[in-house]
Amino acid sequence: MDSVATIVVCAGLLIGLAYGAVGLLSGFCLMSSLRGWWAEGDSRLIRSYALALGVAIVATQLLAGSGVVDLTRSIYLQRSFSAPLMFFGGLLFGYGMVLSNGCGSRALVLLGRGNLRSLVVVIVLGIAAQMTLKGLIAPARVVLLQASQSAPTVLSLPGLLSTFGIGEAFARTLAAAVISGALIIFAFAHSPFLRAWGQIAAGIVVGLLVAAGWFATGYLGADDFNPVAVTSLTFIAPVADALQYAMLSTGLTLNFGIAMVAGVFAGSLVTALVTRRFHWEGYTSPRHMLRSIGGAALMGSGGAMAYGCSVGQGLTGLSTLALASFVAVAGILLGSAAGLRGVLRVQPLATA
């Protein structure tokens with residue numbers, strides 16, 4: 001591994017350590033946020049998520065606008081994509097997230113706290129993602145992708161604004177300012193959130209970690225002879241890659257995503273031990289385990305189709321202002337809504 005790749009891997013580990021610690025201390029999670037908001041009337045967590053997204057958009061667009069990071073090299077702004085497949089994948093992921101009672105990133109954080117249910121979720125999610133990306137399900141995904149993909153001339157929200165005769169730089173500034181401004185106003189327009197200093201700090205830190213990931217891979221990892229993938233926080237392909245690396249490390253290479261996954265687990269574990277939050281947890285019934293397995297499988301396959309998860313698309317993807325990410329996130333939110341409300345609502349387990 002050359003020096004540039006080593007720097008990127010170390011950066012991924014550090015970013016993961018920080019995310020794991022913050023995730024454990026704050027409970028940062030989109031599914032928990034939506035459940036608290038819709039079912040319990042407590043919107044502090046969703047406002048923390050909104051703040052994280054607002055900060056991520058501002059910081060990421062500053063990096064892109066100054067030429068530090070070329071976001072067009074990321075998967076979110078690729079020249080062709082399948083909106084129907086990404087939306088469908090988002091639906092599966094959102095519903096699976098409710099079944100498993102948390103997303104992939106949350107499962108990694110809880111695993112560090114001693115939650116053995118999360119170990120099952122992480123393993124099944126990784127296997128399902130690998131099957132969808134490269135395994136048994138991959139041919140079906142490719143067929144659907146080829147049948148429904150398009151190559152739009154406009155790939156991002158700033159690009160869409162530019163079609164109205166607005167300059168590229170102003171379009172980027174306008175789009176970032178309006179969206180991030182609305183998110184930040186929403187976050188702070190709630191007196192209980194203003195008093196929740198931990199949630200405010202979590203939102204700011206997570207948003208900055210997204211930008212740090214872009215900086216690490218897009219700037220520190222910029223090497224014409226051995227370029228690394230330009231990416232940031234995301235937990236579908238990296239979890240799948242981490243499991244594969246754990247089993248078949250010979251001949252494989254460490255990358256930002258694998259190091260980040262390891263960092264999240266380690267950061268949560270150390271924080272749990274230091275704060276005395278570590279305790280073993282398991283399943284209370286076979287039904288509980290089956291529900292988690294089913295949800296993890298949906299998250300793995302759906303996230304692979306949608307090119308990301310509630311963090312990978314919900315924060316990292318949206319920070320690029322890519323139109324494809326808005327499609328994927330719409331699917332995730334609708335799938336989550338179906339699991340939390342309505343006729344397809346996932347009923348709570350009496351013994352869980």
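# Briefing: an all-helix predicted model

The mean positions of the 18 positive and 9 negative charges of the protein lie 16 Å apart. The model is a predicted one. It contains 16 helices and zero strands. The points below go from the whole chain to single helices and then to single residues.

**Overall form**

- The protein has 352 residues, and a compact globule of that length would have a radius of gyration near 20 Å; the value here is 19 Å, which agrees.
- Along the principal axes, the C-alpha atoms fill a box of roughly 60 × 55 × 45 Å.
- Of the 352 residues, 52% are buried.
- Among contacts with a separation of 6 or more, 80% join residues that are 24 or more positions apart.
- The protein exposes about 15200 Å², and carbon and sulfur atoms supply 69% of this area.

**Helix 7: one buried face**

- Helix 7 covers residues 138–148, and its buried residues are A138, R141 and L145.
- Viewed down the helix axis, these buried residues fall within an arc of 60°, so they line one face of helix 7.
- The spacing fits a general rule: an α-helix has 3.6 residues a turn, so residues three or four places apart point the same way.
- P139, V143, Q146 and A147 are exposed on the other side of helix 7.
- The buried residues of helix 7 pack against three helices: helix 4 (83–99), helix 6 (116–133) and helix 14 (286–306).

**Helix 15: enclosed**

- In helix 15, eight of the eight residues are buried, so this helix is largely enclosed by the rest of the structure.
- The buried residues are G312, Q313, G314, L315, T316, G317, L318 and S319.
- Their cover includes helix 3 (44–65), helix 4, helix 11 (197–220), helix 14 and helix 16 (323–340).
- Helix 4 and helix 14 therefore appear in two places in this briefing: they pack against the buried residues of helix 7, and they help to cover those of helix 15.

**Three buried residues and their contacts**

The contacts in this group leave aside neighbours within four places in sequence.

- L233 sits in the loop between helix 11 and helix 12, and at 0% relative accessibility it counts as buried.
- L233 touches I15, Y19, V206, L209, V210, M260, V311, G312 and T316; of these, G312 and T316 are among the buried residues of helix 15.
- L233 and F256 are 23 residues apart along the chain, and their C-alpha atoms are separated by 9.4 Å.
- V239 belongs to helix 12, which spans residues 237–247, and it is buried with a relative accessible area of 3%.
- The contacts of V239 are L108, V122, L125, G126 and V261.
- Between the C-alpha atoms of V239 and G342 the separation is 31 Å, and the two residues are 103 residues apart along the chain.
- R113 lies in the loop between helix 5 (104–112) and helix 6.
- R113 has a relative accessibility of 19%, and because buried means under 20%, it counts as buried.
- R113 is in contact with L24, S268, A272, R277, F278, H279 and E281.

**Residues with a positive phi**

Most residues other than glycine have a negative phi. The residues below have a positive one.

- N101 is not a glycine, yet its phi is about 65°.
- N101 is found in the loop between helix 4 and helix 5, and it is partly exposed, with a relative accessible area of 44%.
- Y307, also a residue other than glycine, has a phi near 60°.
- The loop between helix 14 and helix 15 (312–319) holds Y307, which is partly exposed at a relative accessible area of 22%.
- L321 comes just after helix 15 and takes a positive phi of about 60°.

Technical notes
Residues numbered from 1 in each chain as written. Predicted model: local features only at pLDDT ≥ 70, side-chain atom pairs only at ≥ 80, totals over all residues. Heavy atoms only, no water. Helix = DSSP H or I, 4+ residues; strand = E, 2+ residues; numbered from the N terminus. Rg over C-alpha atoms; globule rule 2.2 N^0.38 Å. Buried < 20%, exposed > 50% of the residue type's maximum accessible area, 1.4 Å probe, protein only. Contact = heavy atoms within 4.5 Å. Areas by Shrake-Rupley, 256 points an atom, 1.4 Å probe, with all protein chains shown as cover. Lys, Arg positive; Asp, Glu negative; His and termini not counted. Charge placed at Lys NZ, Arg CZ, Asp CG, Glu CD. Arc of directions from axis to C-beta.
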